[in-house]
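Please walk me through this structure, beginning with the overall make-up of one chain and moving on to particular contacts and individual residues.

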Amino acid sequence: MQPVAGGALLSPWTPGIFSLSLYTIFVLVIITALLFLSSWLGEKKPTPEKLRPYECGIIPSGTARLKYPIPFYLVAIFFLIFDVEAAFIFSWAVACENLGWAGWLQMSYFIFVLLIGLVYIWKKGGLEWGPESSEK
Amino acid sequence: MASWIIGFVLLLLKMAVVLGVLLLLAAYLVWAERKLLARFQVRYGPNRAGKFGLLQPIADGIKMITKEDLMPDGADRFIFLLAPAVVAFTALLMFAVVPFGEEITLFGQNVPMVISDLNVGLLFIIALSSLGVYGVALGGWASNSKYSLLGGIRGAAQMISYELSLGLSLIPIVMIAGSLSLVDIVKAQQNVWFIFVQPVSFVIFLISAMAESKRIPFDIPEAENELGAGYHMEYSGMRFGLFFIGEYVHMQVLGALTAVFFLGGWQGPFLPAPVWLLIKIVMVALVMIWIRGTLPRLRYDQLMAIGWKVLVPAALINIVITGAVILII
């Protein structure tokens, strides 16, 4: 698709931003309608037992906002790093043929460094889960 | 102006058909899944509502709408209400960039068989699947239940890990097609489907896609027998229904993306283009159901090991090799 020109912006014939916005509205209307129908037709007889969070029949104790293990934070941080780099690779991928061998060499070097980073967090135990990982 | 109105009506019709097919197929995928899983396990599956249980999805829909919509004590009201809508919304919106046929000419104008041919279509899809993580993580967190929280966190970590390999496995496709637009990617497969050019990418993509949709063998965030139902345990009524719709629409979207990126999209002989896309979507979905009926659930460390230690390096090396091969040819 070519970038949309000013006059074609609101044209229903071009599959661009206009049709996307319309589709988004459509989807939102469907979801809202389903939720509205549910709240309109649904039963409403709450009791304290029904509203208690489910813990296999045991009465919950303490807060449910638990602290969770560090590896989850680590995964989030690794993801952040690798995802930004994936975005960088995407921008090269579109023009890969035009950039030629010079571009390929640079990108290979970049990916090589990325892989070294992956091996490093691997060796450091950043990708390990379960009881063994905390004993190291 | 008359042309604008005709175009507008056609656009509305097109969207209504797309959404109708998506939602109807989602309902009948649930039916197909229950029926097939039952047959795999030598049971009958739903067979009371209508012939072969064919009315079961409709009965389920009515049941979900009329069920009580509970919100557990201490739940974060706003986020609890928002989370299922986010899941269904992102899944439905992803289909906007999937092309389902060649341009046809009506009233002297070209009618494109795609809702929105964004030139960053692939990035749009990856962005939306990132947004889908919010539905899972926030839904689990807002429920004020320990199981839900565990499910939500597991789901978030799993989805972001596999999103990485999902994105990386598509880079070779972008390199060959030279475009991020899904329409152009389908056109680039006129002579040969990318599954034959990029089999490694295909395998990485399919595994990541299954992990993204949180299905067995990757259903650790839901894990019935340890977490109840994980992040959507506290949901009832139509809010649970939206999680359900989201999951099955997501399955179809992943089938459509598999078709677009690797199986030639809507291209095929004899039958009309949208029918071919539909056939490919259903085939991929059936394979996913088959896998669900066959494999046991992975352990969490195995899940993370496959994602980070196998798929990500394999995808990165595949990019380098593909680049070299493209430049040599």
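**From chain A to the loops of chain B**

Read from one end of its sequence to the other, chain A follows the pattern α-α-α-α-α, and accordingly has 5 helices and 0 strands; the model described here is a predicted one. Of the 136 residues in chain A, buried residues make up 35%. When contacts in chain A between residues at least 6 apart in sequence are considered, 36% of them join residues at least 24 apart. The area that chain A exposes is about 8,800 Å², and carbon and sulfur atoms supply 71% of that area.

One helix of chain A leads across to chain B. Helix α1 of chain A, residues 17-41, packs with helix α3 of chain B, residues 77-94, at an angle of about 145 degrees, and the two axes are 10 Å apart. The crossing of α1(A) and α3(B) is right-handed. On the side of α1(A), the residues that take part are Y23(A), T24(A), V27(A), L28(A) and I31(A), and these meet A85(B), A88(B), F89(B), L92(B) and L93(B) of α3(B). Sorted by character, the residues of this contact comprise 9 nonpolar and 1 polar, with no charged residue.

Within chain B, T322(B) offers a view of a helical position, since it is found in helix α12, which spans residues 300-328. T322(B) counts as buried because its relative accessibility is 7%, which falls under the 20% limit for that class. Leaving aside residues up to four places away in sequence, T322(B) touches P172(B), M175(B), I176(B) and Q198(B).

The loops of chain B present another picture. Between α10 (237-262) and α11 (273-294) of chain B runs a loop that contains P272(B), and F270(B) is found in the loop between α10 and α11 as well. P272(B) has a relative accessibility of 48% and therefore counts as partly exposed, whereas F270(B), at 86%, counts as exposed. The C-alpha atom of P272(B) is separated by 9.7 Å from that of E102(B), although the two residues are 170 residues apart along the chain. For F270(B), phi is near 65 degrees, a positive value in a residue other than glycine.

A positive phi in a residue other than glycine also occurs at F52(B), where the angle is near 55 degrees. F52(B) lies in the loop between α1 (2-40) and α2 (56-66) of chain B, and its relative accessibility of 53% is why F52(B) counts as exposed, the limit for that class being over 50%.

Technical notes
Residues are numbered from 1 along each chain as its sequence is written. Chains are lettered from A and ligands numbered from 1 in the order in which they are written. This is a predicted model: local features need pLDDT of at least 70, side-chain atom pairs count only at pLDDT 80 or more; totals for chains, interfaces and linings use all residues. Side-chain values use heavy atoms; hydrogens and water are left out. Helices (H or I, at least four residues) and strands (E, at least two) are DSSP runs, numbered from the N terminus. Buried means under 20% relative accessible area, exposed over 50%, partly exposed in between (1.4 Å probe, protein chains only). Contact means heavy atoms within 4.5 Å. Accessible areas come from the Shrake-Rupley method with a 1.4 Å probe; for residues, only the protein chains shown count as cover. Axes are lines fitted to C-alpha atoms, for helices over the stretch in contact, and angles run from 0 to 180 degrees between N-to-C directions. A crossing is left-handed if the near helix is turned anticlockwise from the far one by less than a right angle, and right-handed if clockwise. Ala, Val, Leu, Ile, Met, Phe, Trp, Tyr, Cys and Pro count as nonpolar, Asp, Glu, Lys and Arg as charged, and the others, Gly among them, as polar.
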